[in-house]
Amino acid sequence: MYMIKTRLPRVLDIKYSKGGNRIIQHCTNEAVLEDCVIENNTPFTIKSGEDVYVITTDRNFVSDEYSFVILSSRKPTKKDFETENLNLIEWLKHPAIVPSICEEVTASWSGNFFFIKEDIEKNIIGLRNPQLGAVHSILAHGYNQDDIGIIVMPTGTGKTETMISSMVATQVNKLLITVPSDSLRTQLFEKFLTYGLLKDFGVVGESAINPHVGILSSGIDTEKELEEFISKSNVVVTTMAIAANASPEQKALMSKMFSHFYVDEAHHSEADTWQEFISHFEKHKVYLFTATPYRNDGKRLKGKFIFTFSLRKAQEQEYYKEIQFLPIREYDRAKADQMIADKAVSILRADIKNGYPHIILARCMSKYRAEEVFQYYSLHTDLNPVVVYNNRPGLKNTLEAIKAKKHSIIICVDMLGEGFDLPELKIGAIHDERQSLPITLQFIGRFTRTSYKKLGKASFVTNMAYPPIKEELDQLYAKDADWNLLLPMLSEGAEQQQIDFKKFLDGFRHLEDSKIPFQNINPALSTVIYKNDGDSWYPNNWKEGIKNLNTYDHQYSDYNAEENTLVIILGKVTRVEWGGFDTVQDLSWDIIIVFWDRRPEVNRVFVNTSIKNFSSEKLLNVIFKGNQAKITGINVFRIFHEVHRLSLFNVGARKGVGQDITFQSFYGKGVQDGLQMLEQGTLIKNNIFGVGYKNGDKISLGCSVKGKIWSYLRGNIQQLTGWCRSVGDIVNDSSINPNTVLEHTLQVETIFSKPKVKAISVDWSPDMYKSSESRYEVYLNGIRSYLWELDIDVVEYDGDNLRFMISNDLNSVQFDLVLSNKKVNGELEPRFDILKINNTTATILIGTKTEQLVDYLKNVTPLFWFADGSQLMQNQYVKLRKQADHISLDQIIDQAWPGVNLSHESQGIDPYVQDSIQYKFIQQIRDEYEVIYDDDGSGEIADIIGINNGEDHIDVHLYHLKYARQGKIGNNIENFYQVCGQAQKSLNWKYRSGKEFEHMFKRKIKKIKGMNVRG
């Protein structure tokens, strides 16, 4: 007779099971029977001590003789017993299964929650500071439930245990929890079954009955079934996708039966489907739990921030391990993947040697990239690398193996994120950049969590050559960046933006009475400005200052006393303009925002309104003491100060004729006529609107002599007040001459044929420079090139079209820009086309989208420059109003070139061509610069770049060199045009500060005839 061990499953009371939906109460944990023997074969029973256990495949087995009955997935045999492979799956009968109802569970929580604080030095395990703070805040919010409650806790600070604690501490009647993913649903379901770690901590008392936890894995067909399911549950966990797909009647039933509603990972909550479902619940029932209370789309979380624990605090209080940032820099993606993998594996092996069972998580952006990256890890067979992504064959078994820690290297695509709890994930290998700050912080935060297990520091390997595009992440990838400092700063900054806006809104006193949510108000950035000599205001007097106020059916106002901002919302029901109906009516809304800028030495009032021809004076007279004077006249045109390359779309002017005043507006083509008359002094500026560049950023601005200033931009109320401050400072700057507005304007005309002026250069569309150069991959005859490896040049052509060429060191493709027109309704309308004129295959990959290069260029058309400084974008021909000065002969320096072959421009690579122009010139300027960079080649910024490091800036000098045709000096203007075109094209780098160094690093390895060489 053999003495065998038998592993028993945990004891669960299954109260409901249908269609994948279950309600379960946890009774006891898994156990191992020692010294088991087979007692009987019919029924199959085993004995351990005095207890006898029936093992059956019959779910309906009933017997009063036995207290222990276990369901097996297959008929038990002696061989299975002896090999400890009985496949036991579920208890059918166990003394620990004691019937209970939901009300008994809730009643057992009374007096069974204890605020035990963790104290590592005293070896006390309990709730962490963020958990205690959140629970207290939730309890306090319960006594003042005026809005949705928002709880912000960084990843790894114990958000799930906080939910469980608040459920028990507040004795929640029925709780609904929604999550964004299946894995998170399963994780929360399992945690709630046993109160997580709270009973082990003593935070939840032993006499507290385990809750009846429901998990909805699919929809329920009828309201009756749903009502039964909820009535048998203390807490229900489901995904928002399932909840949002319920019928309107089922949603109404859920909002009625659940006393509390927790939304986990609530940064998703502004999605339309989430919002629609949440809206069915009364606000006081809803709590939003999130680690990242901000979104990329700019939408705000609706509710009240009742508790916020910053990532900085989490790290200061050592809830996060120290982060090791281990960057590489490599611009060849294949080499970069190899280097990232090698470094990550070397860290892993060192960690394992030091006793840390860490795991690598290598992140990729697509399935294709995951399989591509896998080859670099597959060599390390002892570490059992594996690839995981949705719909990959065998995914379920792979995930189980990962949880069982059978794989030390995991290559994933958008998986193992929210809800996947594996503390051993300590090495992050970021092969593809993540461009979302919330997702990046969440991804990074996973690896920094501390644990009661013995684990080491988190490590991150990434390629600094391909930093994410979002500006917030620039700091993270800066040279020698200390991630231990920058990671919390980034999260805190992003959270602070939300919290500052929320604080701004909280300064208003009666937001709950507004039919229009203030957080969604995005007025056009426009204002009139008043000088003010009073020192007090009375915003509640506003009604006396609105003409015909009684015509408005809805009247609402609120003001922020600390920020000196008054918001008035007015609504009225009117007849529609397109018919005389009483049954069809229009509800129109207007807004008035008054902002008082009361900084030291500043006393200005700004009025923004959607009401046409609104007179602000009466309103300001009743809410301000003292005198107000609107800023009007010529000084408002100061807003165009330092706005360069200004394209005007609308010009209004007036002309004095005796006692009469005539007014004339100029639009479109007529703008140029208006500008000419303004320059001649025959017209006086009245209003101007245009688009230009300020500090390298594109802006739109308009103003009129009556005092109104506007932009096409929109912003929230807080952003509007900041914009007003800035505009007010410019308009009141007496050092700015308002009459210089036209100096930087452009003449824009629509043309139908090639300009008569010589084209000297062509460049990529400015829209392409808004993204990282690595975003674009161009394939010429199947060979990939990035932008920094490509030239785009004008091709000499005497035909009617503008010809240009895109080339790398092996291939080139030529295109024609064709300008024409077509008569539409009797008027000529501009047309253009891009034609490919040679047989080179040319495609472009933008992100994950591939298209023919010729089709892409039709939408993102290159920009041509001409010898007189004019430029052409499609049919729009732009000329400088102020022509460039002639170059004085005194500024042209001639020199002798002894020993130089003037037909040799490039010095090549080591060994250098020493009789070349470049080699000679580099020797000439060698002592003038700390760094001299040879950038010659396809995609260059310039031929030679000289760099000096100043005290507070970096000097960058660009040099363009040109050989003499046939090595002979002459008066050929073509050479001059070409070098001038190169110089003009390189000017775009002035507005891409810092990007030139990234570009140069990418070009450190150059290609000559398809082979990589070092420059």
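**View 1. Tyr 262 and its ring partner in the predicted model.** Tyr 262 counts as buried, at 0% relative accessibility, in a structure that is a predicted model. Across the whole structure, a search finds 28 aromatic pairs. One of them joins Tyr 262 to Tyr 287 in an edge-to-face arrangement, with 5.7 Å centre to centre and 80° between the planes. The two residues are 25 apart and link distant parts of the chain: Tyr 262 belongs to strand S13 (residues 260-263) and Tyr 287 to strand S14 (residues 286-290). Tyr 287 is buried as well, its relative accessible area being 2%.

**View 2. The aromatic pair of Trp 537 and Tyr 559.** The rings meet edge-to-face, 6.2 Å centre to centre and with 75° between the planes. Trp 537 is in the loop between strand S22 (524-532) and strand S23 (554-560), whereas Tyr 559 is in strand S23, so the pair ties together parts 22 residues apart in sequence. Both Trp 537 and Tyr 559 are buried.

**View 3. A ring cluster and a charge over a ring.** Phe 504, Phe 508, Phe 518 and Tyr 556 are linked into a cluster by ring pairs. Lys 572 places its charged end over the ring of Tyr 552, at 4.3 Å from the ring's centre.

**View 4. The buried face of helix H13.** Within H13 (residues 367-377), the buried residues are Arg 369, Ala 370, Val 373, Tyr 376 and Tyr 377. Viewed down the helix axis they fall within an arc of 105°, so they line one face of H13. Their cover includes helix H12 (333-353) and four strands: S17 (359-363), S18 (386-388), S19 (409-412) and S20 (425-430).

**View 5. Surroundings of Thr 162 in helix H4.** Helix H4 spans residues 159-169. Thr 162 has a relative accessible area of 0% and is therefore buried, the cut-off being under 20%. Leaving aside residues up to four places away in sequence, Thr 162 touches Gln 131, Ala 134, Val 135, Met 153 and Phe 289.

**View 6. Strand S38 and its paired strands S37 and S39.** S38 (residues 802-807) is mostly covered, with 5 of its 6 residues buried. S38 pairs with strand S37 (residues 791-794) in the antiparallel sense over 4 bridges, and Ser 807 of S38 is the bridge partner of Asp 791. Strand S39 (residues 812-824) also runs antiparallel to S38, joined by 6 bridges. Here Ser 807 stands opposite Ser 812, and a hairpin of 4 residues connects S38 to S39. Arg 803 lies over the face of Tyr 797, 3.7 Å from the ring centre.

Notes: Residues are numbered from 1 along each chain as its sequence is written. This is a predicted model: local features need pLDDT of at least 70, side-chain atom pairs count only at pLDDT 80 or more; totals for chains, interfaces and linings use all residues. Side-chain values use heavy atoms; hydrogens and water are left out. Buried means under 20% relative accessible area, exposed over 50%, partly exposed in between (1.4 Å probe, protein chains only). The arc is that of the directions from the helix axis to the C-beta atoms. Contact means heavy atoms within 4.5 Å. Two strands pair if DSSP finds at least two bridges between them. Rings of Phe, Tyr and Trp (its six-membered ring) pair if their centres lie within 6.5 Å; planes under 30 degrees apart count as stacked, over 60 as edge-to-face and the rest as tilted. A charge sits over a ring if NZ of Lys or CZ of Arg is within 6 Å of the ring centre and within 35 degrees of the ring normal.
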